[in-house]
Amino acid sequence: MNAQAQMNQQGKKPKTAITPTREENFPEWYQQVIKAADLAENAPVRGCMVIKPYGFALWENVQRALDDMIKEEDVQNAYFPLLIPLSFISREAEHVDGFAKECAVVTHHRLEKGPEGGLVPAAGAQLEEPFIIRPTSETIIGDSMAKWVQSYRDLPLKLNQWCNVMRWELRTRMFLRTSEFLWQEGHNAFATPEEANEDARKMLEVYQKLYRDWMAMPGIPGEKTADERFPGADHSYTYESMMQDGKALQACTSHNLGQNFSKSFGIQYQGEDGQTHHAYTTSWGLSTRSIGGLIMTHSDDDGLIMPPKVAPHQVAIIPVLRDDSGKATVIEFCRKLKESLKEKGVRAFLDESDARTPDKMWGSIKKGIPVRVEVGAREVEEGTVTWVRRDIGRDSKTSGTVDAFINEVPNLLAQVHQALYERAETFTRENVTDVSGLDEIKQFYAAGGFGFVRADKAVLDDPGLEAVQKEFSITSRCLPFEDDGQKVIIGKSY
RNA sequence: CGGGGUGUAGCGCAGUCUGGUAGCGCAUCUGCUUUGGGAGCAGAGGGCCGGGAGUUCGAAUCUCUCCACCCCGACCA
């Protein structure tokens, strides 16, 4: 957008740090942003990725923020096994249908030398009952809950685990859909259906808060339609976030599982009435997919833009060095600046590499560091610094004293956060189009319409809907809470 | 899993049709000159041309076969 403006003024295409641009090829741009920012790379294993230190630092910040919020809800962290007995997964009928197709199965416990050299699973070491590598843990946690819940006094039971899961995906993309991914999965059990549903809604609000206040990502909270529901859930709630290419990303989910799992796994308690009752359970998860969403929401043609609150580095200090004579003084000045920022609770990164100045600058741009501060011999002499906001670029270049800058930083970071959120929020709002019914949905997408449409939920009962969805690769994303479930949002999705 | 595409230096690519000593740009290293939004000149290093099997005097190039990645679709918290 900024690039577009420059292009018009100068009559030529400005150089962008990322090629291709979003407009030219969005999926390829996405890959290149990840590479340029050094977030992750493909692993030798199909569909898996290596999350590199800078990318993992981002995830850790997201994790820390969410973990604190989860604990605020009186949920306790625990850990359950990676391997799940095969028989567990088949206990809940819908659940099996949902996951059987993408399970990795462990069948042996030993290797031996094969006839043609190399190692093969030992024939004599076949497992009596194979294990699956967890695609999600409802079943194995349900098994434990059944033991832990005896009396109504044991409820509610609220558990969460941070772990990896594996789903044998046919089509993978970095962060958005990988065979193995990291997430947290929460599993709560209650005595009444009301509490369970309230909990599922509550945890969605927690996610919404994380996205809004930490990752600056707007979205549309709502309920999933029946055909988009989690296998085994009575109700699934979601936060659907619009990416810059107009597609929806299911950014997290929260499920009210009713008594489906408590019946399959025998999660029962004796109530005050002396009778035995099945508990009501919920499950809720947020994964490394959120990182993919963050990238596609905020980044531009010069690379990543990090929302300040989860950014591994909030301020990049770039020493501008002319020659070796002034170098020591400038570096010394920068180190002091870094210390002062640290004391203020700001995560500052000082680039002490001997790369040339522009390369250091572009490095911080591509990594999306929210604020860049340039310190040269001139600044050191005057006791001033020059700073620039990543989201605005060089138009935001400002000079001031070191003290002024240090005092301004928290405000600056808050402004970047606010600007990122508002930009994404406006973008989302402007790209949701109200339509009257199926004909208008068809017209909209046939004419190359961009983004989501919002229709009366009656359209879900239109027998022609399926054909239209297929034709334009669109699905119903959710029934937004803000419309009291009377409308449905439809669009393309990841 | 179906259709299409791509695998050649860290990154981006040419070379493949028509077999004959592995190339270009950026990055890296050395030196000099430069330096506040992607510097210039000169030189240097770096490749089992995705893997395997064939055809051939000779294969990045032709054939077969795996594998991986990307896009579309199907499927999918």
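Reader: Where does Asp74 lie?

Author: Asp74 lies in the loop between helix H3 (53-72) and strand S3 (76-77). This is a predicted model, in which local features need pLDDT of at least 70 and side-chain atom pairs count only at pLDDT 80 or more, whereas totals for chains, interfaces and linings use all residues. Residues are numbered from 1 along each chain as its sequence is written, chains are lettered from A and ligands numbered from 1 in the order in which they are written, and side-chain values use heavy atoms, with hydrogens and water left out.

Reader: What makes H3 a helix and S3 a strand?

Author: Both are DSSP runs, numbered from the N terminus: a helix is a run of H or I of at least four residues, and a strand is a run of E of at least two. H3 spans 53-72 and S3 spans 76-77, so each satisfies its minimum.

Reader: What is the phi of Asp74?

Author: Phi of Asp74 is near 65°, which is a positive value in a residue other than glycine.

Reader: Which peptide bond is cis, with omega near -5°?

Author: The bond from Leu155 to Pro156 is cis, with omega near -5°; Pro156 is found in the loop between H6 and strand S9 (157-166). A cis peptide bond also joins Thr19 and Pro20, where omega is about -5°. Pro20 belongs to the loop between helix H1 (2-10) and H2.

Reader: How many residues surround RNA strand B?

Author: There are 45, and the closest are Arg167, Arg171, Arg177, Arg322 and Arg356. A residue counts as near a strand if one of its heavy atoms lies within 4 Å of it. Among the atoms of RNA strand B that come within 4 Å of the protein, sugar and phosphate account for 40%. H11 provides the largest share of this surface, 4 residues.

Reader: What makes the surface near RNA strand B divide into nonpolar, polar and charged residues?

Author: The division follows residue type: Ala, Val, Leu, Ile, Met, Phe, Trp, Tyr, Cys and Pro count as nonpolar, Asp, Glu, Lys and Arg as charged, and the others, Gly among them, as polar. By this rule the surface has 12 nonpolar, 13 polar and 20 charged residues.

Reader: Why is a pair of N or O atoms called a polar contact?

Author: The name applies because the two atoms lie within 3.5 Å; within protein, one must be able to donate a hydrogen and the other to accept it, and residues adjacent in sequence count only if both atoms are side-chain atoms. An N or O atom in the side chain of Ser287 is 2.6 Å from a base nitrogen of RNA strand B, and the side chain of Thr253 has an N or O atom 2.9 Å from a sugar or linking oxygen of the strand. Both distances therefore meet the limit.

Reader: Why does the second largest pocket lie between domain 2 and domain 4?

Author: Domain 2 (38-298) and domain 4 (432-491) both give residues to its lining, so the pocket lies between them. The domain bounds come from an automatic or database domain assignment. The centres of domain 2 and domain 4, taken over C-alpha atoms, are separated by 28 Å. In addition, 21 residues of domain 2 are in contact with 14 residues of domain 4, contact meaning heavy atoms within 4.5 Å. The pocket has a volume of about 1,200 Å³, and 43 residues line it.

Reader: What makes a set of points a cavity and not a pocket?

Author: On a 1 Å grid over the protein atoms alone, a cavity is a set of points where a 1.4 Å probe fits but cannot get out, whereas a pocket is an open set with protein on both sides within 12 Å along at least five of seven lines; lining residues have an atom within 4 Å of a point. The structure holds 1 cavity of 30 Å³ or more. The largest cavity contains about 60 Å³ of space, and H6 gives the most to its lining, with 4 residues. Volume is the space filled by probe spheres set on the points, with grid points joined across faces, edges and corners.
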